[in-house]
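Good morning, and thank you for coming. I would like to take you through one model, and I ask that you keep the sequence and the structure in view as I speak.

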Amino acid sequence: MSGEDKPVFRKVKNRFADEILGVDDYRGDLAITLKGGRIVDICRFLKNEPDLDFKLFVDLCGVDRSRLPEAEGESRFMVVYHLYSVTKKHRVRLRVPVEEDNPVLDSVTGVWLGADWFEREAYDMFGIKFRGHPNLRRLLCHEEFVGHPLRKDYPVRRRHDCTRPADLLIDRQAAIAESTDRMFINVGPAHPATHGALRFGMEIEGETIVDLETEIGYLHRCMEKLSETVTWNKVIPYTDRLAYISSGLNEVGYCMAVEKLWGVEVNRKCQLQRIIVSELSRIIDHIVVLAAALVDLGALTNYWYLFRIREDVYEFLEAAYGGRMMINCCRVGGMYRDFPDGWEKKINIAMRNIEEFVGDVHGLITNNRIFIDRTRDIGCISGEEALDWGWTGPCLRAAGVAYDIRKDKPYYGYDQFEWQVPVGTKGDCYDRYLVRMEEMIQSKRIVEQALIELREYENEPVNLDDRRICLPPRDQIEVDQSDGEGKKTRVKDPMRNQPYDKIEDLITHFRLVSEGTKPPPGEVYSYIEGASGEVGFYAISDGTGYPYRVHVRPPCYAIFQAFGKLMRGHMIPDIAAVLASINIEAGELDR
């Protein structure tokens, strides 16, 4: 079905035919290019029309098209929106060109609250202004920063010193100064409860939070700019440092995007290994979130139970890839290497312990009166509000919306496994705790089923046999391994490979490493279910070995922008419970 035949496009065309500049569905992504004059009306129509129902605001970003050959003579900038309908299960990308001499577009924050930070980021990175935005200021870069770093003519090595923090709650400072009952309190950027470099300013009355505004960007290194300076595979270590607690998930999402540009899909063995790494990563991410939250609330004992599971998983990841946190396991078209000898035993040890230790934590905490008082009815959000803010993942499911990409848009055969999607009812801290606890058990079920299927492919290659994308295979060198009792066996050393015996393979290896794989020109959006929600990668190729544009859709970014809303009316001690429950990972937040 072409883009013009898709129901979403037909609906838009029937209502706004004069606003449409073009449509395509490259690699299955429906993308509609629009004039900018009525973007708010179009977005409101997409959200409120029952047959469309795009309630979930997924992403917004900018693109500098000045060095794309096919964009010569056209508008320099493009603002790109990604929207999703949970009820209809369809997506759309909106593309709006913006002129360089007047980069202004109407804000859609009046349609979706979740557009707030995304529009601020586009202003910060590209200088695109959004008319009607309630607080259009820099977000990831500091107030003294000069220029817009994701413009193509901005030097990647240019730096600007920051000498002062941002002013927060500017419009409330005068009233606070005149009040005898209210005061302004600063928290962070270095505070034990923030679990990272975060800062927020609060207007308080007694112990009650009246208003709260956050400042982020303390760990910003413009990962998206850096990605334009290296070949496609060399971006992978940068993705490790996003949600660094579950780095394997980031790698899978990114590699899927580049493979989508190529129009290829990895083989079943690779899919299963990526599923296992993904679900193990999800488990350890949830462990860190829950353990930190419980420690912050005074329940230290649970930390030891949960981190025992994490250590078991790390034992496998370290044996498989040589790293524990930044595992660097994926490659475009496959994996860094196959699972090592003895891999199944290590995973089985971790799986056996999960149910036992999760059960111990349930016994200590789930019906604990103190814990319930600290978390139930704290930090509540409804499902409708969560969608409007762009929430996904466990936080959205805790609010009663059963949206999980692995079920709604199954990739890698997730729909072939038996597992359930845990859902809450109130959207409070307690529900977010329960959802993550059950998700660990469901991830365990998925891993166990994937292990059984993977045995069928024991002697199969893990990478694609495609020399445009993957390195030529090499046999591993066999070495003697002692069993500790004087007996030696011959095993393959995953760190040592035989030399190539064909000059063609050596040349291919050299070119792929030095020049990089070269996907055909095009743009795609690829997404997976990360530990905190939808991890998306919007990638543009100009046909070279270097990305033209890589944009990350970080799930905790959309979630954290609603932190002020969650905290209003609560007490200062509730900050620790709410902040831990929404899982803010500063590497992903700031990029």
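**Pockets, cavities, core and charge pairs**

Let me begin with the second largest pocket, which has a volume of about 820 Å³. Please bear in mind throughout that the model before you is predicted. The lining of this pocket is made of 30 residues, and those closest to its centre are Arg 27, Asp 29, Lys 260, Lys 409 and Tyr 527. Which elements give two or more residues to this lining? They are helix H1 (7-16), strands S4 and S5, helix H7 (247-262) and strand S15 (522-529). Strand S5 provides the largest share, with four residues.

One residue of that central group deserves a closer look, namely Tyr 527. Tyr 527 lies in strand S15. Is Tyr 527 buried or exposed? Its relative accessible area is 14%, and the cut-off for a buried residue is under 20%, so Tyr 527 counts as buried. Leaving aside neighbours within four places in sequence, Tyr 527 is in contact with Arg 91, Ile 405, Lys 409, Glu 534, Val 535 and Gly 536. Lys 409 thus appears both among these contacts and among the residues closest to the centre of the pocket. For Tyr 527 and Ala 71, the separation is 456 residues in sequence and 26 Å in space, C-alpha to C-alpha.

A second residue to locate is Lys 518, in the loop between helix H16 (503-514) and strand S15. Lys 518 has a relative accessibility of 38% and counts as partly exposed. Its contacts, apart from neighbours within four places in sequence, are Trp 262, Gly 543, Thr 544 and Gly 545. Taking one of these, Gly 543 is 25 residues from Lys 518 in sequence, and the two C-alpha atoms are 5.6 Å apart in space.

I turn now to the enclosed spaces. How many cavities of 30 Å³ or more does the structure hold? There are five. The largest cavity has a volume of about 110 Å³. Of the 14 residues lining it, Ala 293, Phe 371, Cys 429, Tyr 433 and Ser 581 are the closest to its centre. At least two lining residues come from each of helix H8, helix H11 (369-375), helix H15 (429-454) and helix H19 (574-581).

Next, the nonpolar core. The largest such core has 182 residues, and the members that touch the most others are Ile 39, Tyr 81, Leu 94, Val 108, Trp 391, Phe 560 and Phe 563. Helix H8 (residues 268-296) contributes the largest share, 13 residues. Both domain 1 (3-131) and domain 2 (236-466) give at least three residues to this core. Val 108 may serve as an example of the packing. Setting aside residues up to four places away in sequence, Val 108 touches Ile 39, Val 40, Cys 43, Phe 57, Tyr 81, Ala 115 and Glu 119.

Finally, the charged side chains. Side chains of opposite charge can pair when their charged atoms come close. The count for this model is 43 salt bridges. I shall describe three.

In one of them, Asp 408 meets Lys 89, with 3.6 Å from N to O. These partners are 319 residues apart: Asp 408 is in helix H14 (residues 405-408), and Lys 89 is in the loop between strand S4 (77-85) and strand S5 (90-98). Asp 408 is buried, at 15% relative accessibility, whereas Lys 89 is partly exposed, at 47%.

Another joins Glu 205 and Arg 182, at 3.2 Å from N to O. Glu 205 belongs to strand S9 (residues 199-205) and Arg 182 to strand S8 (residues 182-187), 23 residues apart. Glu 205 is partly exposed, with a relative accessible area of 35%, and Arg 182 is likewise partly exposed, at 29%.

In the last of the three, Arg 199 and Glu 215 meet at 2.7 Å, N to O. Arg 199 is in strand S9, and Glu 215, 16 residues away, is in strand S10 (residues 208-215). Which side of the burial cut-off do they fall on? A residue under 20% is buried; Arg 199 is at 8% and Glu 215 is at 13%, so both count as buried.

Beyond these pairs, a network of salt bridges links Glu 279, Arg 282, Arg 397, Asp 404, Arg 406, Glu 439 and Glu 529. Thank you for your attention.

How values were computed: Residues are numbered from 1 along each chain as its sequence is written. This is a predicted model: local features need pLDDT of at least 70, side-chain atom pairs count only at pLDDT 80 or more; totals for chains, interfaces and linings use all residues. Side-chain values use heavy atoms; hydrogens and water are left out. A salt bridge is a side-chain nitrogen of Lys or Arg within 4 Å of a carboxyl oxygen of Asp or Glu. Buried means under 20% relative accessible area, exposed over 50%, partly exposed in between (1.4 Å probe, protein chains only). A nonpolar core is a set of buried Ala, Val, Leu, Ile, Met, Phe, Trp, Tyr and Cys residues joined through side-chain atoms within 4.5 Å. Domain bounds come from an automatic or database domain assignment. Contact means heavy atoms within 4.5 Å. On a 1 Å grid over the protein atoms alone, a cavity is a set of points where a 1.4 Å probe fits but cannot get out, and a pocket is an open set with protein on both sides within 12 Å along at least five of seven lines; lining residues have an atom within 4 Å of a point. Grid points are joined across faces, edges and corners, and a volume is the space filled by probe spheres set on the points.
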